[in-house]
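The following exercises are to be worked through with the sequence and the three-dimensional structure at hand. Each task is followed by a solution in steps.

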Amino acid sequence: MILLVWAALAGDAAPDPDAMSLVAGPPVPTEAVVASVYDGDTLTLSTGDKVRLRWVNTPELKPLEDYGPEARELTASLVLQKQVHLLTSGGRDGYGRLLSGVEVEGKNLSIALLEAGLGHLFLIPPDDTDLAPFIAAQEKARAARRGIWSTDRFQGALHITSFHANADGDDRENVNGEYLRICNISPQPLDLAGYRIADISGKNWSFPEAIVPVGQTFKLHSGRGDNQLVPDAQLELFLGSADPIWNNGSDRATIYDRYGRVVDSREHHADHPNP
Ligand SMILES: [Ca+2]
Ligand SMILES: [Ca+2]
């Protein structure tokens, strides 16, 4: 089994704060009982292993996002105290959580969440899974405007999943420590040509040219760097600013498409940091 230690490849010693990189860890179980459910996409097994579900990202409970409690409830109703089959990628994330799908009575929990509109497709590369059933489930929910697809933040092709406005240490010395993680929630690969992002004052920066596969995220860093555009690893894009962009106290990032339409917008407040 090949594990990708992205942090090592990137020459970046600090763990990714939102922990979406694969790292090696202890051996992984294939069957277990679900002992507790934290939120829609995070649970703990009877083995003590914490699991971050593959293929889906559900709304957060802290800070509370629309449909966060409903996502938790669906996951708990389907798997809590039940024997499940684990579909692992062989990796753990930066918090030591097992990255795994969960199958219960032949049903994939991630597909159930996507079908209910209680999460969006979310891939952590490398992942060679056939995505067709996941995309079909998401499109069914979107067409019916079910759950998250009825809310403002899920009307565009991109969704900001986390906003790291305050870089580790002095932001002026660590401009690329400021970043947003952004997911392609549309049903097809997305060409970012002409897209831009603005801060709360309206100052804006053009996205570099890139194609984002369905369900994949890219990290959009404030500073200068070489864009990482190969989709079998974490995509990394750079806005090229010499100075920090995002205000550590509070700010708002708004993405516009090539026609000037708002694609997504997310606020940052120092008193509500990312989980
Ligand atoms: Ca900042
Ligand atoms: Ca800082």
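**Exercise 1. Compare the expected span of helix α2 (residues 68-79) with the distance between its end C-alpha atoms in this predicted model.**

Solution.
- Step 1. Helix α2 comprises twelve residues.
- Step 2. The expected span is 1.5 Å times one less than the number of residues, which for α2 gives 16 Å.
- Step 3. The end C-alpha atoms of α2 are 17 Å apart, which agrees with the expectation.

**Exercise 2. Determine which residues of α2 are buried, how they are arranged about the axis, and what covers them.**

Solution.
- Step 1. A residue counts as buried if 20 or more other C-beta atoms lie within 10 Å of its own. The buried residues of α2 are A71, R72, L74, T75 and V79.
- Step 2. Viewed down the helix axis, these buried residues fall within an arc of 160°, and therefore they line one face of α2.
- Step 3. The elements covering the buried residues of α2 include β1 (31-39), β2 (42-45), β5, β6 and α3 (109-115).
- Step 4. Just after α2, the backbone at Q81 adopts a positive phi of about 65°.

**Exercise 3. Identify the strands that pair with β6 (residues 98-104), and state the sense of each pairing.**

Solution.
- Step 1. Strands of a sheet pair through backbone hydrogen bonds, in either a parallel or an antiparallel sense.
- Step 2. Strand β3 (residues 50-53) runs parallel to β6, and three bridges join the two. Within this pairing, L53 stands opposite S100 of β6.
- Step 3. Strand β5 (residues 83-92) is antiparallel to β6, with five bridges; here R92 stands opposite L98. The hairpin of β5 and β6 has five residues between the strands, and G96 takes a positive phi near 80°.
- Step 4. Strand β7 (residues 107-108) also pairs with β6 in the antiparallel sense, over two bridges, with V104 opposite K107. Two residues separate β6 and β7 in their hairpin, and E105 in the turn has a positive phi of about 50°.

**Exercise 4. Is β6 largely enclosed or largely open, and is G91 buried or exposed?**

Solution.
- Step 1. Five of the seven residues of β6 are buried, so the strand is largely enclosed by the rest of the structure.
- Step 2. G91 lies in strand β5. Around G91 there are 24 other C-beta atoms within 10 Å; because the cut-off for a buried residue is 20 or more, G91 is buried.
- Step 3. G91 and V28 are 63 residues apart in sequence, yet their C-alpha atoms are 8.6 Å apart in space.

**Exercise 5. Describe the open sheet that contains β15 and β16, and explain which strands stand at its edges.**

Solution.
- Step 1. The sheet has four strands in the order β9-β10-β15-β16, and the pairing is mixed.
- Step 2. β9 (158-164) and β16 (235-238) each have a single partner strand; they therefore stand at the edges, with one side of each left without a neighbour in the sheet.
- Step 3. From one strand to the next, the twist averages 25°.
- Step 4. Strand β15 (residues 217-221) and β16 run parallel and are joined by four bridges. L220 has L237 of β16 as its bridge partner.

**Exercise 6. Place these elements in the context of the whole chain: how many helices and strands are there, and what percentage of residues count as buried?**

Solution.
- Step 1. The chain has four helices and 18 strands.
- Step 2. Of its 275 residues, 42% count as buried.
- Step 3. Among contacts with a separation of 6 or more, 60% are between residues 24 or more positions apart.

Notes
Residues numbered from 1 in each chain as written. Chains lettered and ligands numbered in written order. Predicted model: local features only at pLDDT ≥ 70, side-chain atom pairs only at ≥ 80, totals over all residues. Buried ≥ 20, exposed ≤ 12 C-beta atoms within 10 Å, placed from the backbone. Pairing = 2+ DSSP bridges. Axes fitted to C-alpha atoms, helices over the stretch in contact; angles between N-to-C directions. Contact = placed C-beta atoms within 7 Å. Arc of directions from axis to C-beta.
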